[in-house]
Every structure is written in C-alpha cells, then in structure tokens.
Amino acid sequence: MRIGVDVGGTNTDAVLIDGEKVLSWCKMPTTPDVGDGITTAITKVMTDAGVSSTEIQCVMIGTTHFTNAFVERKNLLPVGIIRIALPAARALPPLLDWPEDIANKVGDNIHLIRGGYQYDGRLNEALDEEAIAAAAIALNKKKIHTVAVTSLFSSVNNDMELRAAEILKEHMTDVSISLSHTIGRIGILERENATIMNASLADMAGSVVKSFRQALKNLNITAPFYVSQNDGTLMSADFVAKYPVLTFASGPTNSMRGAAYLSGVKDAIVADIGGTTTDIGMLVNGYPRESSVTVDIGGIRTNFRMPDVLALGLGGGSLVRQDAGKVTVGPQSVGYRLSEEGLVFNGSTLTSSDIAVAAGYAEMGDISKVSALETGLIAQAVDAIHAIISEGVDRMKTSSEPVPLILVGGGSILINRDISGTSKTLIPDHASVANAIGAAIAQIGAEIDKVFSYDEVGREIAMESAKREAIEKAIAAGADEETIKIIDIEEVPLAYVPGGAVRLRIKAAGQLSFAQNTLTEIFKGKGE
C-alpha cells in the first residue's frame with residue numbers, strides 16, 4: 001500500500017495504490033506552502049479509499065520546486081567554488097558561460113587548486129591540501145555555507161574530492177558540500193556547472209524536505225518517503241536534501257513511467273499534455289530515453305542524467321487566436337486560471353479546451369458558451385492542435401517506423417484523431433494523474449560512468465565489473481537484490497586515448513526492499 005504524489009506548478013496530484021491496483025486518486029491546486037497541498041491531496045485519497053495512515057508502507061513524492069528555482073532565479077545561495085585541476089583548465093574559469101543574472105546570485109567565490117587525475121585514474125597532479133585549507137578559511141570568513149568541489153576526472157577517481165571535503169569540514173562551520181563525482185559525468189565544465197547548481201539549492205532543499213516531512217507527520221504517516229529522480233528512480237529524503245539537482249525534470253519522467261505502467265507498453269512515444277505545456281518523450285524498455293547531449297537548464301549547460309524531453313507550448317489553457325483568417329494555438333496560456341477564464345467556465349478567453357468542447361469530443365463546463373463559435377474557426381483550431389503534437393512526435397522519433405503514442409495528463413482530451421507517424425494512440429485509465437502513478441511505482445536505481453582499459457582487463461571482465469558495481473550501488477540504495485535488472489548500457493570507445501580506453505555507463509534498477517525495519521536506515525552514510 002503506497003501513495004504517489006506529484007507536486008506541479010498548477011496542480012498537486014495524488015494516487016493510492018495497493019499492489020498494482022489504483023484504489024483512489026485526486027487532483028488538487030498546488031498551494032504556496034507545498035506541505036498544505038500535499039496534506040490535502042493525501043487526505044483525499046486515503047478518505048476515498050477508506051485507508052488509515054497505519055496501512056501506508058511508503059510515500060513517493062515528485063516535485064518541480066528545484067527546477068523552478070533556477071528558471072525563476074529564486075532562493076539560490078552564494079556558493080564557494082573549488083576546482084581541483086591546475087595546471088590544467090586555467091583558461092576556462094568556473095561560471096564562464098552562465099547568464100549574468102544567475103552568476104551574480106551564486107557569486108564569485110572561486111578557488112582554483114592544483115591537483116586532479118588523468119582519464120584512466122592515474123595521477124595528473126598532486127592535491128595541494130594547503131590551498132584547500134586556505135580556501136576553506138577564506139570562505140568561512142565570508143560566511144559561505146555551501147561549497148561545490150570539482151576535480152579533474154573525479155568520475156574516474158574521486159579520492160581528491162573526498163579528501164577536499166574532509167579538509168573543508170575541518171576549517172568550516174555548518175557547511176554543506178557538493179562533490180561533482182556524485183552528480184555529473186565525464187566533462188569537467190558541465191559537471192562543475194551541475195555541482196554548483198546543486199550547492200546553491202542547499203537551503204531550499206532542506207526546507208522543502210522539512211515541509212514534506214511535516215505534511216506526513218500531520219497525517220500520522222510514519223512510513224518512509226522518497227523523492228523521485230529525473231531518471232525514473234527514487235532517492236531517500238536525506239539524499240534529496242544533499243542532491244536536489246537530481247530531481248530536475250522528474251515531473252515529465254514520472255508521467256512517462258506512469259504511462260508505461262498504465263498502458264503496459266514499454267516502447268512508445270509519450271505526450272504529457274498539461275495546462276500550459278506538452279512534454280513529449282520516448283519510452284525505451286519502460287524508462288525515458290536519456291538525453292545524449294548537454295542539457296541546458298535555466299541557460300546553464302550540464303551533463304548529469306536527464307530525460308530527452310521536448311517541451312511544446314500546448315496545453316488545456318492555451319490561447320486560441322484568429323488573425324487575418326489564420327488560427328493559432330498557444331504558446332501563451334491561462335494556465336491554472338482555466339476554470340475562471342475559459343469560455344465554458346463563464347470566462348472571456350478562448351482556449352484549446354473550449355475548442356475541444358465546441359468540436360464535440362470533450363465534456364466540461366457549459367457547452368452553450370461556445371455554441372456561437374464559427375465552424376471554420378473550430379476546424380482550423382482542431383487542426384492546429386493536432387499539428388503541434390504531430391510535429392513534436394516527428395521530432396522525437398529516431399526512425400520512420402510508426403510507434404505507439406500514449407497520451408497522459410489532464411490535457412489529453414485535446415486529441416481525438418490519429419497522429420501521423422504513430423501506429424496507434426492510447427489514453428489509458430487514470431491518464432490525468434499518470435505523473436503521480438509514475439512516482440508511486442518508481443524503483444530504486446543506481447548508475448556508474450567510468451573509463452576502462454580493454455587492453456589491460458579485457459571487455460568481458462570490465463563489463464562484468466561495471467555491472468556488479470552498479471548492482472551493488474542499487475542494493476546499497478535500498479533495492480531488492482532479487483529484482484534488480486541492468487536497464488541500460490552505453491559503451492563508447494575513446495578513439496584518441498591509448499590502451500583501448502572505453503567509457504562504460506551502466507544503469508541498474510530494482511524494486512524497493514521492505515526487508516529492513518525502516519527503509520530510511522538504508523541511506524545513512526550513503527550520500528557521500
């Protein structure tokens with residue numbers, strides 16, 4: 001018996017699942033205090049299902065709070081930035097390509113330190129421990145409480161970052177430390193960016209997790225809770241307080257995982273149509289296809305795992321305009337004000353939802369309010385809505401072969417005809433709360449991203465070693481060993497590096513283990 005919650009900018013969705021059966025669900029407005037909205041939503045699903053708080057085994061929560069903080073430039077802390085790479089990388093300082101407004105918020109507390117490794121983990125330059133100590137003292141004097149540490153090739157050998165963290169803790173009081181090897185992948189600039197972003201969210205992460213805890217405490221729910229990551233797996237509350245950046249894009253990911261669960265289809269395109277935007281992604285083996293290129297978040301390039309998602313300006317509240325005989329839909333939207341401003345809700349704004357009602361394939365509000373719309377206007381708007389989805393599907397496909405299309409989200413009612421390039425269109429039961437279902441069914445996952453020398457160890461031994469390490473990380477994170485599967489393998493030869501060097505990225509995932517008395521115990525000490 002578990003509860004899944006997805007906290008969006010407009011709505012907070014919740015579902016109560018017993019095994020594989022959805023017992024109850026609801027969609028509530030998101031509140032300024034996120035905890036209030038969560039409390040209301042969980043209360044509703046438990047009441048509707050007649051379930052008490054003592055019967056709940058686990059609560060999974062997805063949130064867009066941390067993504068929005070960067071997009072809106074809010075609640076960000078000044079960060080102490082330590083790069084361990086000299087004499088390399090001096091020409092490209094940290095924050096080089098950051099938008100000026102956000103770089104100013106994070107600050108210019110930058111320290112370049114000698115040290116780092118080579119691509120295969122061999123020493124490039126010894127760590128200058130005295131310089132780390134001096135940086136720590138300087139940051140402490142400035143009352144900096146969060147530090148981002150990035151070392152050259154730390155994703156291959158993390159010893160210097162761990163040692164730097166020890167020195168920082170010796171010389172600083174009440175400091176939060178983000179280490180790049182726990183966040184990003186190979187590629188120092190993008191990995192450093194992701195680490196700085198994570199560090200700047202330290203205070204907000206603590207307050208959001210505290211709000212989640214208080215909401216569950218108010219409901220007398222003592223079961224452990226988890227927060228969904230952007231790869232479709234879970235992390236503990238303590239873990240998200242350390243690594244909030246790993247929740248970026250977890251909303252679309254939850255919707256895609258929910259779509260796979262509800263439809264039973266593991267390879268398909270998913271369109272999550274909300275009130276303002278549509279997120280389109282590709283399911284591969286039941287998980288979102290990950291982006292293979294640098295991901296831009298709020299104007300900052302990063303390289304940590306992110307789903308390959310295309311965001312389009314189409315939703316249930318999208319504005320419909322007619323200019324010189326041409327009808328356009330979106331990207332502007334009335335968003336959460338649809339129930340006040342839409343024509344069928346006695347408002348004065350023509351929206352895509354009004355068009356769906358006028359065309360006769362959606363039911364909401366007062367249909368008489370759109371009875372006077374011109375037939376030509378309705379037909380053009382319907383064509384425009386479907387053309388937007390069709391173009392998005394075409395952009396996400398990697399071959400000309402038709403694939404299934406799964407529609408989820410409250411705005412899925414906007415689509416009533418086949419989309420070109422798809423084999424069939426599915427709108428499963430509970431599609432409007434697929435995001436909360438995706439959170440509720442999420443698994444525990446782990447990933448390794450390392451460089452191996454095939455000339456030295458051989459491909460089979462390197463592959464088995466990497467798989468075993470990924471599985472062990474998943475077990476340590478709380479996955480049931482019997483259910484763990486390798487769900488993704490990426491093998492990239494490094495052509496210009498000697499020794500038959502190959503970069504292996506392997507991802508494992510499994511069901512939550514309920515063997516322990518309290519699941520939160522699993523995560524103690526695992527954050528580093």
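The following is a short dialogue on salt bridges, cysteines and one sheet in a predicted model.

Visitor: What are the ground rules?
Guide: This is a predicted model, where local features need pLDDT of at least 70, side-chain atom pairs count only at pLDDT 80 or more, and totals for chains, interfaces and linings use all residues. Residues are numbered from 1 along each chain as its sequence is written, and side-chain values use heavy atoms, with hydrogens and water left out.

Visitor: Why is the pair Arg-505 and Glu-447 called a salt bridge?
Guide: A salt bridge needs a side-chain nitrogen of Lys or Arg within 4 Å of a carboxyl oxygen of Asp or Glu. The closest N and O atoms of Arg-505 and Glu-447 are 3.1 Å apart, so the pair qualifies. By this rule the model has 15 salt bridges.

Visitor: What makes Arg-505 and Glu-447 a link between distant parts of the chain?
Guide: Arg-505 sits in strand E25 (residues 501-510) and Glu-447 in strand E23 (residues 443-453), 58 residues apart. Helices (H or I, at least four residues) and strands (E, at least two) are DSSP runs, numbered from the N terminus.

Visitor: Why is Arg-505 called buried or exposed?
Guide: Buried means under 20% relative accessible area, exposed over 50%, and partly exposed in between (1.4 Å probe, protein chains only). Arg-505 has 3%, so Arg-505 is buried. Glu-447 is buried too.

Visitor: How do you know that Asp-488 forms a salt bridge with Arg-505?
Guide: Their closest N and O atoms are 2.8 Å apart. That value meets the cut-off, so the pair counts. Asp-488 lies in strand E24 (residues 485-493), Arg-505 in strand E25, and 17 residues separate them. Asp-488 has a relative accessible area of 27%, so Asp-488 is partly exposed.

Visitor: What makes a network here?
Guide: Shared partners do: salt bridges join Glu-447, Asp-488, Glu-490 and Arg-505 into one network.

Visitor: Where do Glu-472 and Arg-468 lie?
Guide: Both are in helix H15 (residues 459-476), four residues apart, about one turn of the helix. Their closest N and O atoms are 3.4 Å apart, which makes a salt bridge.

Visitor: Why is Glu-472 called partly exposed?
Guide: Its relative accessible area is 44%, so Glu-472 falls between the two limits. Arg-468, at 37%, is also partly exposed.

Visitor: How do you know that Cys-26 is in no disulfide?
Guide: A disulfide is a pair of cysteine sulfur atoms within 2.5 Å. The closest cysteine sulfur to that of Cys-26 is in Cys-58, 18 Å away, so it is too far for a bond. Cys-58 is in no disulfide either. The structure holds zero disulfides.

Visitor: Why are Cys-26 and Cys-58 called buried or exposed?
Guide: Cys-26 has 5% relative accessibility, so Cys-26 is buried. Cys-58, at 0%, is buried as well.

Visitor: What makes E5 and E6 paired strands?
Guide: Two strands pair if DSSP finds at least two bridges between them. Strand E5 (residues 80-86) and E6 share six bridges in the parallel sense, so they pair. Among them, Gly-80 is the bridge partner of Asn-109 in E6.

Visitor: Why are E6 and E10 called edge strands?
Guide: The open sheet of four strands runs E6-E5-E9-E10, with parallel pairing. Strand E6 (109-114) and strand E10 (176-179) each have a single partner strand, so one side of each lacks a neighbour in the sheet.
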